[in-house]
Amino acid sequence: MEIDLVNDYKDSKVYRDSFNQLATLVFDINFEDWYQKGFWDDRYICHSFIRDNVVIANVSVSKMDLMINGLNKKAIQIGTVMTHPDFRGKGLSGKLMRHVLDIYEQDCDIFFLFANSTVIDFYPRFGFESFDESQFKLKYHPTPNADTTLRKLNCSNKEDLEFIKRMVLSRRPISQQFGVSNNQGLFMFYAIKVFPESIYYSQENEAIIVYQQEGHTLNLYDVVSQRDVNLKRLLNRIANKQTEYIHFHFTPDQFTEKAQYEWMDNNGDMLFIKANFTLDKNSKFCVPVLAHA
């Protein structure tokens, strides 16, 4: 069986189409729209086994910077780990994992990934440890600010998309405890694929806000800004009369003492980390959900 190892082929239509077919089959995800809009950049790299021009197994990396306990770390998130059903059980994913770790080990401080319960025995073989994340919820006592002006950003509009991209390029991490920057390609994937109706700009805060109100809970997914944002004021701008709880989908530094927190089940996905520095397993943090690859 003649199998080739091919890396970083996003501009090859044949390989990219095959990668998209496999991603659709395994995860029901297609990256073509993201590529065509110019957001599949050099920080998302596929490493694949290819047979007869067909992608049969893949491990992708997303390069980003993490802010962990106030220190900047070079990070690589591993994602889109998949093997075609016809080629499973042959150790292809393991070979690709070793290949990826060998390539990037010298260039980064930390690898991390999210894995479902079916593969939690797989990643410790490569030196990964599982970590529990916290989820933060705040009981909200409204003092709504009626004179707010939020502008809804339209992801079908090229100028709005460029504006979002520029803001994300120069963002500061949302948290000093566990924040992300330099991950604009991944953010833009969420913008066009997952949250196209939920992205707003607040002139007062000079911030892009990604949020959704569901029943009595306001889900705050991200706040993109060049400077620190007063979250209390921001919440008063975006909450409505129904809001009783704020669910932060990141680590809200300003509220970690006040917010209720509990260990997260992450829809069954578990966080795995392999780092060249020591991480406190008891620290309360949440990886920003818009940084999940």
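A residue is called buried when its relative accessible area is under 20%. The exercises below apply this cut-off, and others where needed, to a predicted model.

**Exercise 1. Determine how many residues of helix H5 are buried, and say what this implies for the surroundings of the helix.**

Step 1. Helix H5 covers residues 184-193, which gives 10 residues to examine.

Step 2. Applying the cut-off of under 20% relative accessible area, one finds the buried residues to be Gln184, Gly185, Leu186, Phe187, Met188, Phe189, Tyr190, Ala191 and Ile192.

Step 3. Because 9 of the 10 residues are buried, helix H5 is largely enclosed by the rest of the structure.

**Exercise 2. Describe the environment of Asp222, stating whether this residue is buried or exposed and which residues it touches.**

Step 1. Asp222 is located in strand E12, which spans residues 217-225.

Step 2. The relative accessible area of Asp222 is 4%, and since buried means under 20%, Asp222 counts as buried.

Step 3. When residues up to four places away in sequence are set aside, Asp222 touches Arg171, Ile174, Phe187, Ile208, Ile209, Val210, Phe250 and Leu290; one of these, Phe187, is also among the buried residues of H5.

Step 4. The side chains of Asp222 and Arg171 are joined by a polar contact of 2.8 Å.

**Exercise 3. Characterise the interface between domain 1 and domain 2, beginning with the division of the chain and ending with the classes of residue on the side of domain 1.**

Step 1. The protein chain is divided into domain 1, made up of 4-133 + 265-291, and domain 2, made up of 136-262; their C-alpha centres lie 26 Å apart.

Step 2. To the contact between them, domain 1 contributes 28 residues and domain 2 contributes 33 residues.

Step 3. The size of an interface is often expressed as the accessible area lost when the parts come together. Here the area buried between domain 1 and domain 2 is about 2,800 Å², and carbon and sulfur atoms give 66% of that area. Within domain 1, the residues that lose the most area to domain 2 are Phe39, Lys284 and Leu290, which together account for 28% of what that side buries.

Step 4. Across this interface the rule finds 0 salt bridges, whereas 13 residue pairs, both members at pLDDT 80 or more, are in polar contact.

Step 5. On the side of domain 1 that touches domain 2, helix H2 (32-36) and strand E3 (54-68) each supply at least two residues, and the largest share, 6 residues, comes from E3. Sorted by class, that side has 15 nonpolar, 5 polar and 8 charged residues.

Notes: Residues are numbered from 1 along each chain as its sequence is written. This is a predicted model: local features need pLDDT of at least 70, side-chain atom pairs count only at pLDDT 80 or more; totals for chains, interfaces and linings use all residues. Side-chain values use heavy atoms; hydrogens and water are left out. Domain bounds come from an automatic or database domain assignment. Contact means heavy atoms within 4.5 Å. Buried area is the accessible area (1.4 Å probe) that two parts lose on being put together, summed over both. A salt bridge is a side-chain nitrogen of Lys or Arg within 4 Å of a carboxyl oxygen of Asp or Glu. A polar contact is a pair of N or O atoms within 3.5 Å; within protein, one must be able to donate a hydrogen and the other to accept it, and residues adjacent in sequence count only if both atoms are side-chain atoms. Helices (H or I, at least four residues) and strands (E, at least two) are DSSP runs, numbered from the N terminus. Ala, Val, Leu, Ile, Met, Phe, Trp, Tyr, Cys and Pro count as nonpolar, Asp, Glu, Lys and Arg as charged, and the others, Gly among them, as polar. Buried means under 20% relative accessible area, exposed over 50%, partly exposed in between (1.4 Å probe, protein chains only).
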